[in-house]
Amino acid sequence: MILVSTNYISGKELEMLGLVKGSTVQTKHIGKDITQGLKSVVGGELKAYTEMMNEARAQATKRMVEEAEALKADAVVNIRYSTSAIVQGAAEVIAYGTAVRFV
């Protein structure tokens, strides 16, 4: 499966199959949430949250690819990510793009 953020793949003619997406909502357990809150007082990277967001993007991408595979797609083009806070310490990540088949 080819994944690109452009709306084309060089040298390929594409047949559009439709929108595919994947999403997840992630949170860290209360212990990590407290320690990261304390870290925000002194500054610096909140590594537990960085890790959480990386995991969330990977899961959302995996789910998007599964939808594309169900459509027998060869690639997903024009991939975008969106995030939003759901509650304190929890974030939703959505990955979406257009599933295509090579002609």
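Which residues make a nonpolar surface patch of about 270 Å²? The legends below take up this question and then turn to the sheet, the helix across it and the salt bridges, all as they appear in a predicted model.

**View 1. A nonpolar patch on the surface of the predicted model.** The patch is made by V25, I86 and V87, and its area is about 270 Å². One of these residues, V87, belongs to strand β3, and with a relative accessibility of 54% V87 counts as exposed, because the cut-off for that class is over 50%.

**View 2. The open sheet of four strands.** Following the sheet from one side to the other, the order of the strands is β1-β3-β4-β2, and the pairing is mixed. The edges are formed by β1 and by β2, which covers residues 14-27, and each of these edge strands pairs on one side only. In general, the strands of a sheet are paired through hydrogen bonds of the backbone, in either a parallel or an antiparallel way.

**View 3. The parallel pairing of β1 with β3.** Strand β1, made of residues 2-3, runs parallel to strand β3, made of residues 75-87, and two bridges join them. Residue I2 has A75 of β3 as its bridge partner, while L3 has V76 of β3 in that role.

**View 4. The antiparallel pairing of β3 with β4.** Strand β4 spans residues 90-102 and runs antiparallel to β3, to which it is joined by ten bridges. Within this view, R80 can be found opposite Y96, a residue of β4.

**View 5. Helix α2 across the sheet.** Helix α2, which spans residues 47-70, lies across β1, β2, β3 and β4, and the angle at which the helix runs to β2 is about 145°.

**View 6. A salt bridge between two strands, formed by R101 and E15.** A search of the whole structure finds three salt bridges, and one of them joins R101 to E15, with 3.7 Å between the closest N and O atoms. Because R101 lies in strand β4 and E15 in strand β2, the pair ties together parts that are 86 residues apart in sequence. R101 is partly exposed, its relative accessible area being 27%, and E15 also counts as partly exposed, at 36% relative accessibility.

**View 7. A salt bridge between helix and strand, formed by E67 and K21.** The side chains of E67 and K21 meet at 3.1 Å, taken from N to O. Here E67 lies in helix α2 and K21 in strand β2, so this pair ties together parts that are 46 residues apart in sequence. With a relative accessible area of 28%, E67 is partly exposed, and K21 counts as partly exposed at 41% relative accessibility.

**View 8. A salt bridge within helix α2, formed by K62 and E66.** How far apart are the closest N and O atoms of K62 and E66? They are 3.0 Å apart, and the two residues form a salt bridge. Both K62 and E66 lie in helix α2, where four residues, or about one turn of the helix, separate them. K62 is partly exposed, with a relative accessible area of 46%, and E66 is partly exposed as well, with a relative accessible area of 40%.

Methods. Residues are numbered from 1 along each chain as its sequence is written. This is a predicted model: local features need pLDDT of at least 70, side-chain atom pairs count only at pLDDT 80 or more; totals for chains, interfaces and linings use all residues. Side-chain values use heavy atoms; hydrogens and water are left out. Two strands pair if DSSP finds at least two bridges between them. Patches are made of residues with over 30% relative accessible area and no salt bridge: like charges are joined within 9 Å, nonpolar side chains (Val, Leu, Ile, Met, Phe, Trp, Tyr) within 5 Å. Accessible areas come from the Shrake-Rupley method with a 1.4 Å probe; for residues, only the protein chains shown count as cover. A salt bridge is a side-chain nitrogen of Lys or Arg within 4 Å of a carboxyl oxygen of Asp or Glu. Buried means under 20% relative accessible area, exposed over 50%, partly exposed in between (1.4 Å probe, protein chains only). Contact means heavy atoms within 4.5 Å. Axes are lines fitted to C-alpha atoms, for helices over the stretch in contact, and angles run from 0 to 180 degrees between N-to-C directions.
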